[in-house]
Amino acid sequence: MSLSVLLEDSPAILSAFAAVFGLLVGSFLNVVIHRLPRDGKGVAEGRSHCPRCGHAIAWFENVPVLSWLALRGKCRGCRGAISVRYPAVELATGLMFWFVFEHLRSGHAPAGYPWGLLLVLWALLAVLLAASMIDFDFQILPDVLTKPMMPLGIVCSALVLELHREHSLVARWKGGDYTWLHGALDGVLGMLAGLALVGGLRSIASRFAGREAMGLGDVKLMGGLGAFVGAVGVVFVLLVGALLGSVMGLLNVLRIFAVRAVRMSRRRAQRPRWRWDIAWIAGRVIPFGPALSLGGAVVLLFRSELNVFLFETWPAWVQGR
Ligand SMILES: [Zn+2]
């Protein structure tokens, strides 16, 4: 395999490629995040335009991160501000792709590098990032992103055996070689577990809250994640997601108090009221999608470390050993 030879001889080239490819994918994710929830127009159609003045964005204004810096965050047509979120999403995707590449490198010899797993993780994490940003903005998880995760997860489980092999439920009750059939079955079990777990949780929470708690989008997302991480993994995703969600919620409340404190200390009569109102509203609507996505990323990348922590480090610490 020539890629493995390249990995052995000059890993820096592939490392740089991973980062640059991530930047480009991040640039595409910006388009997805912007267009998907807004109009029926396909994300691949037509060139990008400034949402304010309609100025068509040329290729040299669309170079990830660099263009934003060169333009100092302003549109060339109307001089209006371009959100710092665009380069931030590009940078985050670049770092993410680079990190996954290096992370897999630390656990595998060049000859046995799991290229298939790398591609699956890149694609899945990119979808999770886009879904999270849309959920942040609109409190929805688009079906176009969550639903295909379920069948694709099962297909990937059959094709890329590294996804489940080490933590397989199917292999536990049916020994022998781990084949594509085992993988597909692990994917199906994971999907069903994710759907049942969050679907059940949703109906219980909705009954207690007296209104719809969590969206159906969260249920589909967990079904999709389950297909990739398996039935046990999806429980971990929920645990880590709930933990991260609580931290996010707490930070949001602290932010509200900070905004209020700043407001109080300035005590200017004409100080606008809207900022406080927006913080208040934002504090009450916390989408669960980003927390679950982050939980999914943690389980996908650090499953073994999580196992050691939950079943060895933590019990030993509780027992004072
Ligand atoms: Zn403009």
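Which element of the protein chain has the lowest mean pLDDT, and which the highest? Hello everyone, let's start there. Helix α11, residues 274-284, has the lowest at 54, and α7 has the highest at 98. Here pLDDT is the predictor's confidence in each residue, from 0 to 100, and helices are DSSP runs of H or I, at least four residues long, numbered from the N terminus. Where pLDDT is low, the predicted coordinates should not be read in detail. For the protein chain, the mean is 88, with 91% of residues reaching 70 or more.

Two ground rules. This is a predicted model, in which local features need pLDDT of at least 70 and side-chain atom pairs count only at pLDDT 80 or more, while totals for chains, interfaces and linings use all residues. Residues are numbered from 1 along each chain as its sequence is written.

Now please find helix α2, residues 11-35. Its 25 residues reach 36 Å from first C-alpha to last, close to the 36 Å expected at 1.5 Å a residue; the expected span is 1.5 Å times one less than the number of residues. Buried residues of α2 include A18, G22, L29, V32 and I33. I call a residue buried if 20 or more other C-beta atoms, placed from the backbone, lie within 10 Å of its own, exposed if 12 or fewer, and partly exposed in between. The buried residues of α2 pack against α4 (85-107) and α5 (115-138).

Next, the largest nonpolar core. Such a core is a set of buried Ala, Val, Leu, Ile, Met, Phe, Trp, Tyr and Cys residues joined through C-beta atoms within 7 Å. This one has 64 residues, and A130 and V237 touch the most other members. Among the elements giving two or more residues are α2, α7 (149-159) and α12 (289-318), and α10 gives the most, with 14. At least three residues come from each of domain 1 (1-113) and domain 2 (141-321), bounds taken from an automatic or database domain assignment. Beyond its neighbours within four places in sequence, A130 is in contact (C-beta atoms, placed from the backbone, within 7 Å) with L29, V32, I33 and L145.

Let's finish with two other residues. W59 sits in the loop between α2 and α3 (66-70). Why is W59 classed as exposed? Because 8 other C-beta atoms lie within 10 Å. L6, in helix α1 (residues 2-9), is partly exposed, with 14 such atoms within 10 Å. Setting aside residues up to four places away, L6 touches I13 and L14. Thanks for listening!

Note on methods. Two residues are in contact if their C-beta atoms, placed from the backbone, lie within 7 Å.
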